[in-house]
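Q: Please take a close look at one part of this structure, namely how its strands pair with one another. A connected account, set against the division of the chain, would be most useful.

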Amino acid sequence: MLKRYGLFGALRVFLSLVYTKIFFPQARLIRVPFDIRNRKFIRIGKDFTTGYGCRIEVFPRSEASGTCMAIGDNVQINDYVHISAVESLTIGNNVLIASKVFISDHNHGSYTLESSDSPLSIPANRPLPSKPVRIEDNVWIGESVCVLPGVTIGAGCVIGALSVVTRSIPPYSIAVGSPAKVVKVFNMETQVWESV
């Protein structure tokens with residue numbers, strides 16, 4: 001480890017391992033600093049791994065809400081990932097999330113034709129409308145992706161770097177862009193990614 005990380009880096013990993021085994025014994029490695037808010041509403045599976053500076057938070061609508069965020073087994077998130085929920089956010093098994101990714105099931109205020117908050121109101125005081133977010137098994141989310149409320153990312157998907165996912169992505173697809181659009185689909189018969 002010393003050869004791989006250097007003295008200072010090895011010390012940081014060692015301290016993170018101690019932190020992990022004390023506070024998250026089912027996890028593989030949680031690198032500190034790590035910020036988790038309202039942990040009792042969050043379920044984290046086995047072999048969870050984080051990078052540095054990650055923030056996971058739940059602000060449930062009531063104390064009786066139960067689990068608002070569920071993270072599956074063997075999920076790996078890299079540096080500076082921010083995941084936030086008020087209603088329901090689920091991450092499946094074997095999900096890989098690159099650095100600087102933002103995933104949220106809510107927004108500060110409503111901005112639709114059906115319901116709009118005034119731009120004259122203070123953003124922090126606006127209600128938090130939400131729609132469940134679901135990321136299914138074996139998904140890879142690239143660097144600096146933003147996943148917005150109401151989205152389901154299907155099993156086996158790849159979301160390209162810098163994409164903004166505003167609508168659901170079907171299973172076994174590659175989606176890129178802002179807003180993210182499907183550009184390839186995996187053909188199960190030929191075992192090849194095909195352009196759409």
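A: Two strands are taken to pair if DSSP finds at least two bridges between them. With that criterion, consider strand S18, which occupies residues 173-176 of this predicted model. Strand S18 is joined to strand S19, residues 181-187, by 4 bridges, and the two run antiparallel. One position in this pairing can be named: Val176 faces Lys181 of S19. The hairpin formed by S18 and S19 has 4 residues between its strands, and in this hairpin Gly177 adopts a positive phi near 105°.

Strand S18 also pairs with strand S16, residues 158-159. That pairing is in the parallel sense and extends over 2 bridges. Here Val158 has Ile174 of S18 as its bridge partner. S18 is thus parallel to S16 and antiparallel to S19. In general, strands of a sheet pair through backbone hydrogen bonds, in either a parallel or an antiparallel arrangement.

A further group of strands deserves separate description. An open sheet is built from 6 strands, arranged in the order S2-S5-S8-S11-S14-S17, with parallel pairing. Its edges are strand S2, at residues 34-37, and strand S17, at residues 164-165, each of which pairs on one side only. The partner of S17 is strand S14, residues 146-147; the two run parallel and are joined by 2 bridges. Within this pairing, Val147 lies opposite Val165 of S17.

As to the wider setting, the protein is divided into domain 1, residues 1-26, and domain 2, residues 33-195. The centres of the two domains, taken over C-alpha atoms, are separated by 27 Å. Contact between them involves 6 residues of domain 1 and 9 residues of domain 2. Together the domains bury about 640 Å², of which 50% is on carbon and sulfur atoms. On the domain 1 side, the greatest losses of area to domain 2 fall on Arg12, Phe24 and Gln26, which together account for 72% of what that side buries.

The polar character of this interface can be stated as well. There are 0 salt bridges between domain 1 and domain 2, whereas 3 residue pairs across the interface are in polar contact. By class, the side of domain 1 touching domain 2 consists of 4 nonpolar, 1 polar and 1 charged residues.

Methods. Residues are numbered from 1 along each chain as its sequence is written. This is a predicted model: local features need pLDDT of at least 70, side-chain atom pairs count only at pLDDT 80 or more; totals for chains, interfaces and linings use all residues. Side-chain values use heavy atoms; hydrogens and water are left out. Domain bounds come from an automatic or database domain assignment. Contact means heavy atoms within 4.5 Å. Buried area is the accessible area (1.4 Å probe) that two parts lose on being put together, summed over both. A salt bridge is a side-chain nitrogen of Lys or Arg within 4 Å of a carboxyl oxygen of Asp or Glu. A polar contact is a pair of N or O atoms within 3.5 Å; within protein, one must be able to donate a hydrogen and the other to accept it, and residues adjacent in sequence count only if both atoms are side-chain atoms. Ala, Val, Leu, Ile, Met, Phe, Trp, Tyr, Cys and Pro count as nonpolar, Asp, Glu, Lys and Arg as charged, and the others, Gly among them, as polar.
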